[in-house]
Amino acid sequence: MTNIWVICRKELKSYFSSPIAYLLITVFAVIFGYFFWRAIAYFVQAGMEMQMSGRMQPMSVNELVIGPLLSNMSVIVLFLIPMMTMRLFAEEKNRGTIELLLTSPIKDYELVIGKWLGSLIMFLVIIGISCLNILLLFAYGRPDWKPVLAGLLGLILQGGAILAIGTFISTTTKNQIIAGSVTFAVVLLLWVLSWLNFEQAAWAKVLAYCSVLSHGESFTRGVIELKDVVYFVSVIFLGLFLTERSIESLRWRA
Amino acid sequence: MIKVEGLTKRYARHVAVDDISFEVGKGEIVGFLGPNGAGKTTTMRVLTCFMPPTSGKASVAGFDVLQDPFEVKKRIGYLPETPPLYPEMEVGEYLTFVARLKGIAANEAAKRVDEAAGRCALGDVKNKLIAKLSKGYRQRVGLAQAILHNPDVLILDEPTSGLDPKQIIETRELIASLSGDHTIILSTHILSEVEHSCQKVLIINRGRIVASESVTNLTSKMRGAGPDMVSIEVQAEHLNPADVRQRFEQITGVSRVEVKDTKDSAVTLEVESLSGQSVRPLLAKAVVQAGWNLQEMRGINMSLEDIFLQLTGGTAVASPALESPATNNSDAGEQNQ
């Protein structure tokens, strides 16, 4: 346990002592801020129009603002994650510090989980920025907080899953650029897979089921479905398992 | 302390380490000598549990590297060829991280870090970013990292490579100060390194051990059996080098004379005797009898450098005549396995 924490803290420090953390936070804050502003503007405009026409209907902040925002977020996040995971192992391999880690009395799985956890916490910090925006909604309105929490949980699970995949890809190369691009390609593929849902064939259904996006959707509507949770948890597990195997194979090939 | 038996490491295309065996006792400093690509680093990586051997056994402090890697890792301090540093960290921060990584409890880590930093003279750079350190300081940080947890065995891969002469001497002194409580294996391709800091030397070439001996033994062995090599400088007016050469060649016991240098009125020659014969007094007498001045006469000792080149099959520095003892020695080396 201590070892995992030691590694995790080191990862966090690395993020914050290089520009990458601030860059990611800024990029995310700007993009999310824009979407937030658009959503609010749309909401206000719709409310005004309704008042003018005199047909008053109940409007839900959750449905009209928070839901779309969360699903926006889950897409933006897809593009940020490769930048977070690419350095995890590729950099250690490139610098030779992997030798220090692998000759220290820690288990491979502790190393893997520590690294993944570090990137997950970094991810939470980025998500945290967007929570500030959403908190503003609570200051001026009375949105239901439970769907928001469900949505955030979905986001975290999805992030964790993609981070695990990225961590694995990072172990396969010394080159951060390659690790980043391959992760990006894989993530894009996992996203695009949901389009296969329109096909009727069984294989298409199976592949579409593997899409990250189709599992994130219900969370943004505030629904926690067991099958989605299971999906994300298994992807996390698979990713970390593959990472651990890859580290082990590194020893044999090195 | 360290026991290696029939260790072999095969990569996809070539054999890096081929069936080597050796033993290192507690408190010994052993130099691992060989040209680049001889298998030094591979052997060290096996010992540090960075990679498993293809076949054979290696154990550290009684723990097998395959069965108990965890126990082995706890007892080993390792400095790889490029010190494993994080440039974005400060020295103190880095050492604390490594201390925690090596399993030192948080409340004890600070003390150990101070200790190791003190030993490696890092006190004044503790708050500096590693990225800003000079190469010599980085190497010292690497060494501090290796001794943090006070390991029984220290494995140093080329600890002085890329340092300037002053830093090399400092590092050497540091290593010498660490001996005693630690068993040390250090690899190098710089031979004076071994002569200075090691008691025992393992010469490795193309994945095989070609000699394994104490440093003093090795040099004396080479010297005793071999022919005597003398460099001699003779000076006289209107001296003809060919004359000198001819005169020396007539002396009994001289097998070869070579004119090395002619300067104004002085001639420098290299004289080689037959095995086991001392020709120095005869040479001196010949010079005096001819009425020349003897400016200088000194024996050319076989340095570790020459031994090394011979054993590893490089071009011999001294002369081809020296090859016979070399082959003897490599035989001896193989028997030692």
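User: How many residues does each chain bring to the contact between chain A and chain B?

Analyst: In this predicted model, the contact takes 21 residues from chain B and 17 residues from chain A. A residue pair counts as in contact if the C-beta atoms lie within 7 Å.

User: Which elements of chain B supply at least two residues each to the side that touches chain A?

Analyst: These are α2 (69-74), β6 (76-79) and α3 (91-101) of chain B. The largest share comes from α3(B), with four residues. By class, this side of chain B has 13 nonpolar, three polar and five charged residues.

User: Why are α2(A) and α6(A) called roughly parallel?

Analyst: Helix α2 (residues 19-53) and helix α6 (residues 108-140) of chain A pack at an angle of about 30°. Angles under 35 degrees count as roughly parallel, and the two helices are therefore described in that way. Their axes are 9 Å apart, and the crossing of α2(A) and α6(A) is right-handed.

User: Which residues make the contact of α2(A) with α6(A)?

Analyst: From α2(A), the residues include L24(A), F28(A), F32(A), G33(A) and F36(A). From α6(A), they include M122(A), I129(A), S130(A) and N133(A).

User: What makes G33(A) one of the polar residues there?

Analyst: Gly is counted among the polar residues, so G33(A) of α2(A) belongs to that class. The contact divides into eleven nonpolar, three polar and no charged residues.

User: How far apart do the C-alpha centres of the two domains of chain B lie?

Analyst: Chain B is divided into domain 1 (2-221) and domain 2 (226-299), and their C-alpha centres lie 47 Å apart.

Conventions. Residues are numbered from 1 along each chain as its sequence is written. Chains are lettered from A and ligands numbered from 1 in the order in which they are written. This is a predicted model: local features need pLDDT of at least 70, side-chain atom pairs count only at pLDDT 80 or more; totals for chains, interfaces and linings use all residues. Axes are lines fitted to C-alpha atoms, for helices over the stretch in contact, and angles run from 0 to 180 degrees between N-to-C directions. Angles under 35 degrees count as roughly parallel, over 145 as roughly antiparallel, 65 to 115 as roughly perpendicular and the rest as oblique. A crossing is left-handed if the near helix is turned anticlockwise from the far one by less than a right angle, and right-handed if clockwise. Two residues are in contact if their C-beta atoms, placed from the backbone, lie within 7 Å. Domain bounds come from an automatic or database domain assignment.
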